[in-house]
Amino acid sequence: MAMQDMNDQVQARLAKLAKFKEMGVEAYPHKFNRTHDSKVLKENKAALMASGEEVAFAGRVVRFNRKGKMCFMHLKDRYGRLQVVVARDEVGEENYEIVKMTDLGDFIGVNGFMFETQTGEYSVHVKKVTMLSKAVRPLPVAKEKVDENGNKVVFNEFADVDTRYRQRYIDMALNDDVKDVFIKRFKILQAIREYLIEKGFIEVETPTLQPIYGGANARPFTTHHNACDMTLYLRVAPELYLKRCIVGGMEKVFEFSKNFRNEGMDRTHSPEFTGLEFYEAYADYNDMMVHFENIYERACIAANGTTKIDYQGKVIDFKAPWPRYSMIEAIEKFGGLKVNEMSDDEIKAKMEELGGHLDGEFSRGRGILELFELTVEDKLIQPTHPALQEAPHHRRAHRTVRALR
């Protein structure tokens, strides 16, 4: 939308706002007694149409088509869209003035009853309209046009990735799939919390401002505590304080923490992010693998209703338990190489044959890792745990384990 067009729209909307004041209409009332949201209205369609009971529904105007004495609008709430039909003869001349001054992006409330239009669309037959929030600035509205070659061209679409991330509220208002991401994130966090509590973990809160930052190798944000006249740091991780809880005898603790790292950033790396850490005494990495795969299974079901997702053309299944391989076992299974029986020279030769390369001095461990990356990594499509070659013998507090892919 051109800047001049936006300025013109803002001026027109401000003029409508002034007219509302002249009419004695409150354009930003404190409350609206909504009785039904769009989900409930749709779920109870038959009963509501049969009873003719009065409903009160509210939402953002996302479609507006007024023809003389009739107006058809789509209102959008958190669950979706629903049409409302307003007739001047039904609501009265004074109330219809509100409809005439309604714009896309406004929030309105309607009272009426449910019916189907002549075209069969389930709608609210409006008896009264209430302006709930007049939008002074217009939302970007995509417009479609067919070019000379018959191709559909979309103008003014809110699609720029950087702008969408900087103005997330507009992104949510215009793109329904973005709101779904926020809802899924909530369900994932809730599923993780419920699982850990089931297993006897206690949720704690640890300091965000720390005199000595630790728990990760990252540059911190620095601030100053005026009352104590001391330098403090925004945490880069909650690890050290959670371990102190273990030292204090709590045995099982977890925290969803806001972490801050004063380093590079891009669209997928924010200097402020949410992390989860959990610690358990008397447990080792084998116990953590069980927690880890169960958490992923629970979270996937919570977000998608199934353990399976489609990713880059492949079906990934997070159903527990997951396979466990040591690096050497994985190289033998997927690459057909028994590295324990290979000499250093044989490892070097196989690396070169497969197109591998090591910067710096060769060591046997680095050579095995390179063979793993050359022969195994692209074959680990399903969730997989790394397992140690030797039998575990350490008993200590642990956080989590990484899946190989």
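This is a short chat about salt bridges and unusual backbone spots in a predicted model.

Me: What kind of model is this, and how are residues numbered?
Reply: The model is predicted; local features need pLDDT of at least 70, side-chain atom pairs count only at pLDDT 80 or more, and totals for chains, interfaces and linings use all residues. Residues are numbered from 1 along each chain as its sequence is written, and side-chain values use heavy atoms, with hydrogens and water left out.

Me: How many salt bridges are there?
Reply: The count is 22. A salt bridge here is a side-chain nitrogen of Lys or Arg within 4 Å of a carboxyl oxygen of Asp or Glu.

Me: Why would such side chains pair?
Reply: Side chains of opposite charge can pair when their charged atoms come close.

Me: Which residue does Arg298 pair with?
Reply: Glu198. Their closest N and O atoms are 2.7 Å apart. The pair links distant parts of the chain: Arg298 is in helix α10 (residues 285–304), Glu198 is in helix α8 (residues 176–198), and they are 100 residues apart. Helices (H or I, at least four residues) and strands (E, at least two) are DSSP runs, numbered from the N terminus.

Me: How exposed is Glu198?
Reply: Glu198 is exposed, at 55% relative accessible area. Arg298 is partly exposed, at 30%. Buried means under 20%, exposed over 50%, partly exposed in between (1.4 Å probe, protein chains only).

Me: And Glu272, what does that side chain meet?
Reply: Lys258, in a salt bridge of 3.9 Å, N to O. Glu272 sits in strand β13 (residues 272–280) and Lys258 in strand β12 (residues 252–260), 14 residues apart. Glu272 is partly exposed at 42%. Lys258 is partly exposed too, at 37%.

Me: Which residues form a network of salt bridges?
Reply: Lys16, Asp103, Asp106 and Lys134 are linked in one.

Me: Switching to backbone. Where is the cis peptide bond?
Reply: Between Ala320 and Pro321, with omega about 0 degrees. Pro321 is in the loop between β15 (314–317) and β16 (324–325).

Me: Why point that out?
Reply: Because most peptide bonds are trans, and most residues other than glycine have a negative phi.

Me: What is phi for Asp229?
Reply: Near 50 degrees, a positive value in a residue other than glycine. Asp229 lies in the loop between β10 (222–225) and β11 (230–234). Asp229 is exposed, at 60%.

Me: And Tyr282, what is phi there?
Reply: Near 60 degrees, also positive. Tyr282 is in the loop between β13 and α10. Tyr282 counts as exposed, at 61%.
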